[in-house]
Amino acid sequence: MQIEKMLEDAKKTKKILLMTHQIIGYPDFETNEKAIECFCQNGVDLIELQIPFSDPIADGPVFTKSNQTVLEKGIKVNECLHFVEKMTRKYPIPFLIMTYYNIVYQYGVEKFIDRCKEIGVQGTIVPDAPLDEARSYYDYSREQGLAAVSIATPYSDEERLQVIAAVGSGFIYYVPRKGVTGSKTSFASEVLGGIRKAKEVTGKMIAVGFGIQGADDVANLVGAADIAIIGSKIQQVIEAEGLNGLDRFLLSIARVNGGSQ
């Protein structure tokens with residue numbers, strides 16, 4: 001089953017889906033695994049696992065520090081992929097790998113995608129993979145039945161949105177503002193209008209990340225976005241309150257869909 005069908009099925013019973021994020025190896029693999037267990041127990045719909053990189057241009061201070069910490073420990077790409085494989089075999093939830101194009105290119109584009117398919121990943125998010133220059137990445141992913149998620153912003157006009165939809169696959173990752181991850185985003189009416197326009201033009205599910213801090217932000221996205229992505233805030237919750245705090249945080253998010261979990 002490809003991820004589009006998984007998401008369509010999941011959306012039948014929820015107002016909005018939730019994708020969470022972990023940087024592989026931060027603070028360690030054991031905490032990653034416990035967090036993933038907590039995600040699954042709290043009704044998270046997709047999990048994004050990030051292979052750390054030395055120049056994470058889309059990441060703010062929280063994730064940049066985490067990337068550096070993992071790299072200083074000497075954790076390699078193959079160790080990250082081995083961890084992802086362990087998680088896909090343990091948990092029946094769609095996993096996506098997020099990383100940067102340098103890692104994909106150095107690994108070998110087709111080899112990387114083949115490996116992702118082999119370990120049970122449903123797709124990849126590579127925010128700095130240019131739509132034109134990295135066509136082999138997008139095209140080969142599609143050939144192999146893996147989503148290669150493309151990025152849209154409020155500055156993507158209608159023509160560009162059509163290109164983004166045609167080249168990428170799975171769903172559209174919509175970045176609602178300038179800047180990097182971590183800072184709070186204001187989901188004002190013009191921002192929500194931009195998300196709705198992207199959905200209308202592309203005809204694809206829209207996932208919104210960058211700056212989602214809690215249940216109020218997720219609730220604001222209902223009716224505009226299909227998927228809310230929470231990354232930096234989850235890391236902050238784990239660092240400040242541990243896994244019990246993460247459980248409480250996810251419980252508060254689940255209430256947006258009217259459920260107890």
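Reader: Where is P27 found?
Author: This is a predicted model. Its strand β1 covers residues 17-23, and its helix α2 covers residues 29-41. P27 is found in the loop between β1 and α2.

Reader: Is the peptide bond from Y26 to P27 cis or trans?
Author: Look at omega for this bond. Its value is near -10°. The bond from Y26 to P27 is cis.

Reader: Which residue that is not a glycine has a positive phi of about 75°?
Author: Go to the loop between β7 (206-208) and α10. One residue found there counts as buried, because its relative accessibility of 10% is under the 20% cut-off. The residue with this positive phi is F210.

Reader: How many helices and how many strands does the protein have?
Author: Both kinds of element are present, and they are numbered from the N terminus. The totals are 11 helices and 8 strands.

Reader: What radius of gyration does the protein have?
Author: The globule rule gives 18 Å for 261 residues. The protein comes close to that value, so it is as compact as a globular protein of that length. Its radius of gyration is 17 Å.

Reader: What does the C-alpha trace span along its principal axes?
Author: The span is taken along the principal axes of the protein. It is about 45 × 45 × 35 Å.

Reader: What share of the 261 residues is buried?
Author: A residue counts as buried under 20% relative accessible area. In this protein, buried residues make up 54%.

Reader: What share of the exposed area do carbon and sulfur atoms supply?
Author: The protein exposes about 11,300 Å². Carbon and sulfur atoms supply a share of 49%.

Reader: What share of the contacts with a separation of 6 or more joins residues 24 or more positions apart?
Author: Take the contacts in the protein with a separation of 6 or more. Residues 24 or more positions apart account for 71%.

Reader: Which elements do the buried residues of α8 pack against?
Author: Helix α8 runs over residues 158-167. Its buried residues are L161, I164, A165 and V167. They pack against α7 (135-143), β5 (147-152), β6 (172-174) and α9.

Reader: Which residues does S156 touch, not counting those up to four places away in sequence?
Author: S156 has its place in the loop between β5 and α8. S156 is buried, because its relative accessible area of 11% is under 20%. Two buried residues of α8 are among those named earlier, L161 and I164. With sequence neighbours up to four places away left out, S156 touches L161 and I164.

Reader: Where does K117 lie, and which residues does K117 touch?
Author: K117 lies in helix α6, residues 109-118. K117 counts as partly exposed, because its 43% relative accessibility falls between the cut-offs of 20% and 50%. Not counting residues up to four places away in sequence, K117 touches Q144 and L146.

Reader: What is the distance in space between K117 and E4?
Author: In sequence, K117 and E4 are 113 residues apart. In space, C-alpha to C-alpha, they are apart by 16 Å.

Reader: How many salt bridges does the count come to?
Author: The rule asks for a side-chain nitrogen of Lys or Arg within 4 Å of a carboxyl oxygen of Asp or Glu. By this rule, the number of salt bridges is 13.

Reader: Which parts does the salt bridge of D226 and K199 tie together?
Author: The side chains of D226 and K199 meet at 2.8 Å, N to O. D226 is buried, at 4% relative accessible area, while K199 counts as partly exposed, at 30%. D226 and K199 are 27 residues apart in sequence. The pair ties the loop between α10 (215-221) and β8 (227-230) to helix α9 (residues 189-202).

Reader: Which residue forms a salt bridge with K12?
Author: K12 is exposed, because its relative accessible area of 67% is over 50%. Its partner is partly exposed, at 27%. The closest N and O atoms are 3.5 Å apart, and the partner is D9.

Reader: How far apart are the closest N and O atoms of R248 and E241?
Author: E241 counts as partly exposed, at 43% relative accessibility. R248 forms a salt bridge with E241, and the closest N and O atoms are apart by 3.4 Å.

Reader: Which residues are linked in a network of salt bridges?
Author: Here the salt bridges join up into a network. Its members are E85, R89, R115 and E118.

Reader: How far apart are the centres of the positive and negative side chains?
Author: The protein has 28 positive and 33 negative side chains. The centres of the two sets are apart by 4 Å.

Notes:
Residues are numbered from 1 along each chain as its sequence is written. This is a predicted model: local features need pLDDT of at least 70, side-chain atom pairs count only at pLDDT 80 or more; totals for chains, interfaces and linings use all residues. Side-chain values use heavy atoms; hydrogens and water are left out. Buried means under 20% relative accessible area, exposed over 50%, partly exposed in between (1.4 Å probe, protein chains only). Helices (H or I, at least four residues) and strands (E, at least two) are DSSP runs, numbered from the N terminus. The radius of gyration is taken over C-alpha atoms; the globule rule is 2.2 Å times the number of residues to the power 0.38. Contact means heavy atoms within 4.5 Å. Accessible areas come from the Shrake-Rupley method with a 1.4 Å probe; for residues, only the protein chains shown count as cover. Lys and Arg count as positive and Asp and Glu as negative; His and the chain ends are not counted. The place of a charge is taken as NZ of Lys, CZ of Arg, CG of Asp or CD of Glu.
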